[in-house]
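Subject: A structure for you to look at

Hi there,

Here is the structure I promised you. Have a look at it first, and then read on for what turned up in it.

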Amino acid sequence: MPVDIVMPKLGLTMTEGLITEWRKKEGEPVKKGEILFVLETEKVTYEVEAPEDGTLGRILVPAQQTVPVGAVVALLAKPGETLASAPAPAAASAPAPKAAAAGQAPAGKKKIVIVGGGVGGYPAAIRAARMGAEVTLIEKDALGGTCLNWGCIPTKSLLQSAGVVRTMKESETFGVKCKGFEVDFGAVMARKNTVVAQLTRGVGALLKAKKVKVIQGTASFVDAKTLQIKETGEKVQGDAVLIASGSVPGRIPIEGIDGPDVMDSNQVLAMKTLPKSVVVIGGGVIGVEFAQFLIALGTEVTIIEMLPGLVPGVDKEIATLLQKQITAAGVKVVTGAAVKGIAHKKTENTVTYAIGDKTETVTAEKVFLTVGRKPDFSLLGIDKVGIRHERGALVVNEFMETNVPGIWAAGDVVGGIMLAHLASAEGECAVRNILGHREVMNYKAVPSCIYTSPEVSSVGLTEEKARERGEIQIGRFPLRGNGKALVLNETEGLVKVISDRKFGEVLGVHIIGPHATDMIAEAVLGMTMEMTAEELAGAIHPHPTVSEAIMEAAMVIAGGAIHMP
Ligand SMILES: Cc1cc2nc3c(=O)[nH]c(=O)nc-3n(C[C@H](O)[C@H](O)[C@H](O)COP(=O)(O)OP(=O)(O)OC[C@H]3O[C@@H](n4cnc5c(N)ncnc54)[C@H](O)[C@@H]3O)c2cc1C
């Protein structure tokens, strides 16, 4: 069968595209990745590549015609195939099924099997079911995966308790005296468990409501369309398989790493008592969030980070401000330090680290290991079906399909940015493509957040990366000029908008301050719509809100801020 070349969906709002030019002629051989045609929408010009080697057999839509997303515009004959015998698709420029565009049942009863009930898997299952597919979801542990059970949600619940402690401590600033309050660690953990349980129950109910069949068990491949459940021997078949098997905590090969007091993030979240002192190895997002939780509750905390600063990957200026605040909260931060070993003695653990030629030690009751996570497909038997993996992650194309036709992957298991909202977006992109769309996964505006105090959020390029790309403009607005930040007594913060100098397009937004993690959504939407700094500055923002600082930072680029000399 020839391969259908379709008008891709390049963004959520795209419904049609204009073919401006064919770069290949009918009958011309093409290699995978070569450009077939150029399309234009209101927003972008995009070169569509050949998905595989072959011959451009038939062009069904000539240049200068507009066709809906999903319409077949050409047929690519596979090597050795002639098109005479190949059936032409119904009508080349026929509109994509209306229901598909609306996200509803276009595809009949295609069977999809999803491995992993985390945020990469369960939203994809619901989306596929909404689109009319028959979906089976296999989960070996708990629905909701890492995010709901051992990640985003439990950590934020703990940080909320820490925030209450901070509020109590500074209550007199607001004219309220709260002397003699106590932290009940057991109750803090119990509330976290209640929040988790409510959400995971909710996921189960949503899946049930959409008639997704949930199988509790460990899946492994029998062949490309069949998985077997280890615990029961049951075999499950699908027209397509989506792997969303996630990730597990990373480890480092140092002496003492398996000691009794060395805990990964899962174990930290199951602690029964509050440790007096902790060494956190790894100053990334997970490490600093745990550090903030513990310091607020009165634990002595030391973070040891190998790189020169905390939260690597975050815009340097923002990361430096966060490090200052974390240090001010009482956390001892050691950077540029390589941990050499952990020695366990009764109730103490001594962590040895090297900074340059100097060797130092720090002693604590517990050691938290937060050195990143690694994609996990260890139980799936992927070599049996020949799925490609590189540097520990499954390899997928821009549509989220692996090298094995019909097997797709999404979420942490494909590596790259490991975040819950991205896992969901990838999973949904994959199932839409399984069900007939041709949607390129768009990584342009992926926000990332740190739920410390102050919060940090960002989307797009950091200043460092943007400078590498070309001429930029930067608008900064410090929160001491923002009325709402003063009301909240949280004026230590900054909004930074980075735009392209030539066209003014916003390339990145970085925020440190109260509500940063909610406010970034505005920048995400704007960047998805390719907004300019001028447009951001011109949008009317509600007053008094911290979000006005985003507008003011954009104003710095587009004519000058109002509340800054
Ligand atoms: C402490 C911590 C805090 C975090 N905080 C945030 C945050 O605030 N915001 C954010 O965006 N991200 C956060 N993350 C990251 C986020 O949790 C992950 O990016 C997200 O959970 C990835 O989803 P996933 O579905 O790809 O994988 P997972 O959530 O790991 O789900 C994979 C599921 O597949 C199952 N599975 C694996 N193999 C098999 C098999 N063979 N058969 C059956 N089932 C299988 C697993 O049991 C698991 O439930 C945090 C992570 C941690 C550890």
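Let's start with a question: which residues of H2 are buried? In this predicted model, they are Tyr122, Pro123, Ala124, Ala125, Ile126, Arg127, Ala128 and Ala129. Helix H2 spans residues 122-130, and eight of its nine residues are buried, so you can think of the helix as mostly covered. What lies over those buried residues includes three strands, S9 (111-115), S10 and S15 (240-243), together with helices H5 (185-209) and H9. Just after H2, glycine 132 has a positive phi of about 100 degrees.

Now step back to the whole chain. The protein is divided into four domains:
- domain 1 covers 3-80;
- domain 2 is made of two pieces, 111-248 and 374-434;
- domain 3 covers 262-371;
- domain 4 covers 448-557.

Take domains 2 and 3 as a pair. Their C-alpha centres lie 27 Å apart, and ten residues of domain 2 are in contact with ten residues of domain 3. On the domain 2 side, helix H4 (residues 152-169) gives the largest share, with seven residues. That side divides into eight nonpolar residues, one polar and one charged.

Next, the ligand. There are 37 residues around it, and Gly116, Gly118, Gly145, Gly246 and Gly411 come nearest. Strand S10 (134-139) and helices H3 (145-150), H4 and H9 (420-434) are the elements that each give two or more residues to this shell. H3 provides the largest share, four residues. By type, the shell has 16 nonpolar, 16 polar and five charged residues. Notice that H4 turns up here as well as on the side of domain 2 that touches domain 3.

Last, the nonpolar cores. The largest has 83 residues, and Ala291, Val497, Ile550 and Ala554 have the most contacts inside it. Helix H7 (residues 285-297) gives the largest share of this core, nine residues. Apart from it lies another core of 57 residues, among them Ala129, Phe221, Val241 and Cys429. You have already met Ala129 as one of the buried residues of H2.

If you would like one residue to explore on screen, what does valine 497 touch, leaving out residues up to four places away in sequence? Its partners are Gly475, Val506, Val509, Ala533, Leu536, Ala553, Ala554 and Ile557.

Have fun with it, and write back with any questions!

Best wishes

Methods. Residues numbered from 1 in each chain as written. Predicted model: local features only at pLDDT ≥ 70, side-chain atom pairs only at ≥ 80, totals over all residues. Domains from an automatic or database assignment. Contact = placed C-beta atoms within 7 Å. Nonpolar A, V, L, I, M, F, W, Y, C, P; charged D, E, K, R; others polar. Near = placed C-beta within 6 Å. Core = buried A, V, L, I, M, F, W, Y, C linked by C-beta atoms within 7 Å. Buried ≥ 20, exposed ≤ 12 C-beta atoms within 10 Å, placed from the backbone.
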